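Colleague: Please take a close look at the charged side-chain pairs of this protein and their surroundings. I should be grateful for one connected account that I can follow with the structure open beside me.

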Amino acid sequence: MDQTSTESTERKKLLEISTKIASTLNETQVMQLLAHGLTSLLRYDTMAIYNANHENQLLVPISIEGANWKEISTDKWTIPFGSGILGSVMTTQQGELVNNSHLDSRSIYPPKVKITEEHIIAIPLRLGNNCWGAFAVNRMSPQKFTEEEFETAQFLASYASLALNNIKLINEIKDTQALKQVIFDTISDSIITVNERGKIIFCNEATEKVFGYSTNELLNDTLQKIIPASLRSQHNDGFRNYLNTGEKKLASWSAIELPGQHKSGKIIPIEVSFGETKVNGQKVFSAVIRDISERKKNEELIKSTKTRLENLIKTLQAGILVEDENRKIVLTNRNFCDLFNITAPPEVLGGVDCSDAAEQSKALFSDPEKFVARITQLLADRRIVSNEEITMANGKTVARDYVPLFVDEVYKGHMWLYRDITYSKNIEQDLILAKELAEESVKAKQNFLATMSHELRTPINGVLGLTNLIAASAQTKENQEYLKGVKSSGEHLLAIINDILDLAKIEAGKMKLQRVDFDSTEILESIINSQKPQANEKRLRLVTVCDPQIPKILKGDPIRLNQILYNLISNAIKFTEKGEVKITSRVLSMNSHEVLLELAVSDTGIGIANDKLTKIFESFTQADKHVAVRFGGTGLGLSIVKQLTELMNGKIEVESVLGKGSKFKLTIPLKIGEQNVSVKVDPVGINDLGSFEGTRILLAEDNIINQTVAKKTLEKWGIAVDVANNGWEAVKMVQERKYDLIIMDIQMPEMDGYQATFKIRNELSSPTCDIPIMAMTASVLDAMEKTFAAGMNEYISKPFNYQELNQKLKKFLKSKTSIENSPLAPVRHSFIDFNYLETISPGSKEFKEEMVAMFESQSQLYMAEIKKAFVDGNYTSLKANAHAFKPLGSYLGIQSLTSLVAHLEKLPHTIEGIDEIARTIAQIEIILDIVQVEINQLKENNFIIN
């Protein structure tokens, strides 16, 4: 029988004996069962049980067992309280395990008894607050008593004391029926008494809970009601036989497990202890009956759990080692043995001392001394450590977990768990390398596109800007026609560049969508009107069918929606030689807040072959090379259409028959705006946009053409313009003269726009450092994020649209045209920056209020969860909440908060990491307190920020 089976048998025996002791109602039987238990469970040379004579302060032996004790009379074994080890135990009322007790100064023996070597377990037997006796077991051999044997002796002593306390209590109240009834009715076990005729003459209230019968239903009835039918005959025969002969068929009447029957008919497991007495010369039998259904269920659960746990550990793809507090093996598995080159089977390793295991195994690891030192540190710290990576001498990598085990806050050992993660580490390294290569590729592509953007847009900016300026002056009719041609060619070239850069922005995740009200009818009307000349030139019918249920005012990005429809309609006209192009719109579904639209563009053109349909939405792809030669184009239009549609949470589908035509169907959800608000803006020329007379702007731009275009445009609105050729000049000039605004090019020689802005914002004093700065950039990738991050207030791309430029100037120069409308001084904040929210919903005070309220509530929830996870040691939950918390600060521009939360998410839960986690949480809370003060100020100012 292996050690596990032996331990299980001994535990079962201990529970059986202790249960019998606890249920015994006779003092002599308690002593007998205690002696029997000690004999069964402990190996000793001598055992003595003593009664305490408190009057004379003596321990008097009542039971002595051993090889040589009969040679000395028992009165020689009487021990005064406080004398010797056992007398000392009586004084302290605490059990003691004394190995090498012959060397203990308290040890006493009669003169004729010679002790050469002895080990003692001495235990008091308590009765209430006193001791009614004590017992001692000893060994006269080198084998010492273990802690487990000491605990076994204490366990039996506690049950003996419990039984004697019960006996004492019962004896004290046995002559008082009223007190008896209280005890019987409050005890949780059922108590039933029957007479010689088998009639029930007493049962307590607990009987109804156990069997379902009330007292009236059982009194004067027999036990047949609570005995299963299959056992009734056997019970009756045994009862009659005992009454006639006095012979017991059972060896013991204590703690017998039997089936009982509930009133409902359900069979329940019970534990019964019988007792017998005489009342008025008649035999009376009592039974204490306990419902052990829960205990049986728990035993089965423990058994099942133990089996599952053992099977799990055997099959787990990790090395498991469980050690007790003395570093003796409790449990291990085959994987652990294989990892540490242990040839013995796991089953035989129980009890093996692991004190020197680290020293013996260190050669298996690449840094042996570090391995040994770390084991020593972990055992000393007794803190959970997870996923600690160790490199082995053979090149493999293993992850190690260390888990200390505590029971009622008392250390009981620990568990080691080792996992081979070599394969996953190799994969991880491969992925890191692939990610780095991909990032380098994307970065190179973005740098190229940014450079292309700047280099191509700069000359086009000059061409289109000069065209606008010349067109604004008086010209002959012939020159006006030439200018139209130049402008048309420039706009066509710009459209191609915009397509390339739009595609790059989408792929880089930098495309931002507006969320503004727009007139749905004007979108279609403007596109149709712009495409009519092309359709008329080819003698094509341009047909529109519009669903009257479509709300007039919708909310979304009208520019991108216009771009989608423009591409689809212009493509349809391009690839159709005769017939018609039809545009239909209809409502698929609608509620009070949102409408799902279907917009379709169909034509009677050349069509697309089936095998080409899946590819037409790919970048730089057309149906075939003949189409590209015949009709021209870059093949970018449909790719941008598809990606813009998906950005707007819509989808696009295509149907086509080669030679007969195509139909592109767009399904897109849009919010419904306020229907009574007009969003129509009449087009105006450059000279019709009003004046900013009396204002002065510093233009920092290195390109002479762009200088001319911007300067002439601004001067048409009455603005005085000074020009700086680079960032150094701009910084110098802004210190010498007062400006209302700086328009700052990004890419300039000697010092670029970002560097110049940094110097102005951080090295100059107020009010110079507060001058509004508008970036003017030909680069579209990251433009918004980079300019705002650098401290600029606005940006406009080149070539600029003069109407857009005029509108953006009004944000900063509005006070120069109307004293009554002079804006309040900008409110400066240490942390909060609404620039990002402004890009999403410009000028929306309600949106800012909503986002601030959300930040307040969500940040409190996340911080509460983070602190709770830290206190509980649940670092998985802490990291998950930090990850979810991280974006909140970014929305309000609180970069320091975002950085700290990101840092918190990455911190390891090592000893050093835990201290850093605590500091980081404290820093986050400090920032949140400061931010809350700023939020309160914003609320007091009614969110007026510019």
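Modeller: A salt bridge here is a side-chain nitrogen of Lys or Arg within 4 Å of a carboxyl oxygen of Asp or Glu. The model is a predicted one. Side chains of opposite charge can pair when their charged atoms come close.

I begin with a pair inside one helix. K711 and E715 form a salt bridge, and their closest N and O atoms lie 2.5 Å apart. Both residues belong to helix α19, which covers residues 704-715; because they are four residues apart there, about one helical turn separates them. K711 has a relative accessible area of 26% and is therefore partly exposed. E715, at 31%, is likewise partly exposed. Elsewhere, salt bridges with shared partners connect E257, E271, R295 and K296 in a single network.

Other pairs bring together separate parts of the chain. The salt bridge between K396 and D420 has its closest N and O atoms 3.7 Å apart. K396 sits in the loop between β14 (385-391) and β15 (397-407), whereas D420 is in strand β16 (residues 410-420); with the two positions 24 residues apart, the pair links distant parts of the chain. The relative accessible area of K396 is 39%, so this lysine is partly exposed. D420 is also partly exposed, at 45%.

A further bridge leads into a part of the fold that deserves attention. E580 and R541 meet through their side chains, with an N to O distance of 3.5 Å. E580 lies in strand β20 and R541 in strand β18 (residues 541-546), 39 residues apart, and this pair too links distant parts of the chain. E580 has 23% relative accessibility; the cut-off for a buried residue is under 20%, so E580 counts as partly exposed. By the rule given at the start, the count of salt bridges comes to 35.

Strand β20 spans residues 580-590 and also contains V581. V581 has a relative accessibility of 1% and therefore counts as buried. Apart from neighbours within four places in sequence, V581 is in contact with R541, L542, V543, A572, I573, T576, V601, S602 and D603. R541 thus appears twice, as a contact of V581 and as the salt-bridge partner of E580. The C-alpha atom of V581 is 9.6 Å from that of K663, although 82 residues separate the two along the chain.

The strand β23 (residues 661-672) holds T667, which is buried at 13% relative accessible area. With residues up to four places away in sequence left out, T667 touches L588, L596, L597, G650 and K651. G650 and K651 are also among the contacts of T645, together with I564, I652 and L666, when neighbours within four places are set aside. T645 belongs to helix α18 and is buried, its relative accessibility being 0%.

Between helix α18 (637-647) and strand β22 (651-657) runs a loop that contains N649. N649 is exposed, at 66% relative accessibility, and its phi is near 65°, a positive value in a residue other than glycine. Most residues other than glycine have a negative phi, and most peptide bonds are trans. A positive phi, near 55°, is also found at Q93, in the loop between α3 (84-92) and β4 (96-98). Q93 is partly exposed, at 22%. As for the peptide bonds, the one joining S766 and P767 is cis, with omega about 5°; P767 lies in the loop between α21 (753-763) and β27 (773-777).

Charged side chains also gather without pairing. E147, E148, E151 and E325 form a negative surface patch, and the residues of such patches have no salt bridge. E148 lies in helix α4 (residues 147-173) and is exposed, with a relative accessible area of 54%.

These details belong to a protein chain with 28 helices and 28 strands. Of its 946 residues, 40% count as buried. The chain exposes about 51,600 Å², of which carbon and sulfur atoms supply 53%. Among contacts between residues at least 6 apart in sequence, 59% join residues at least 24 apart.

Notes
Residues are numbered from 1 along each chain as its sequence is written. This is a predicted model: local features need pLDDT of at least 70, side-chain atom pairs count only at pLDDT 80 or more; totals for chains, interfaces and linings use all residues. Side-chain values use heavy atoms; hydrogens and water are left out. Buried means under 20% relative accessible area, exposed over 50%, partly exposed in between (1.4 Å probe, protein chains only). Contact means heavy atoms within 4.5 Å. Patches are made of residues with over 30% relative accessible area and no salt bridge: like charges are joined within 9 Å, nonpolar side chains (Val, Leu, Ile, Met, Phe, Trp, Tyr) within 5 Å. Accessible areas come from the Shrake-Rupley method with a 1.4 Å probe; for residues, only the protein chains shown count as cover. Lys and Arg count as positive and Asp and Glu as negative; His and the chain ends are not counted. The place of a charge is taken as NZ of Lys, CZ of Arg, CG of Asp or CD of Glu.
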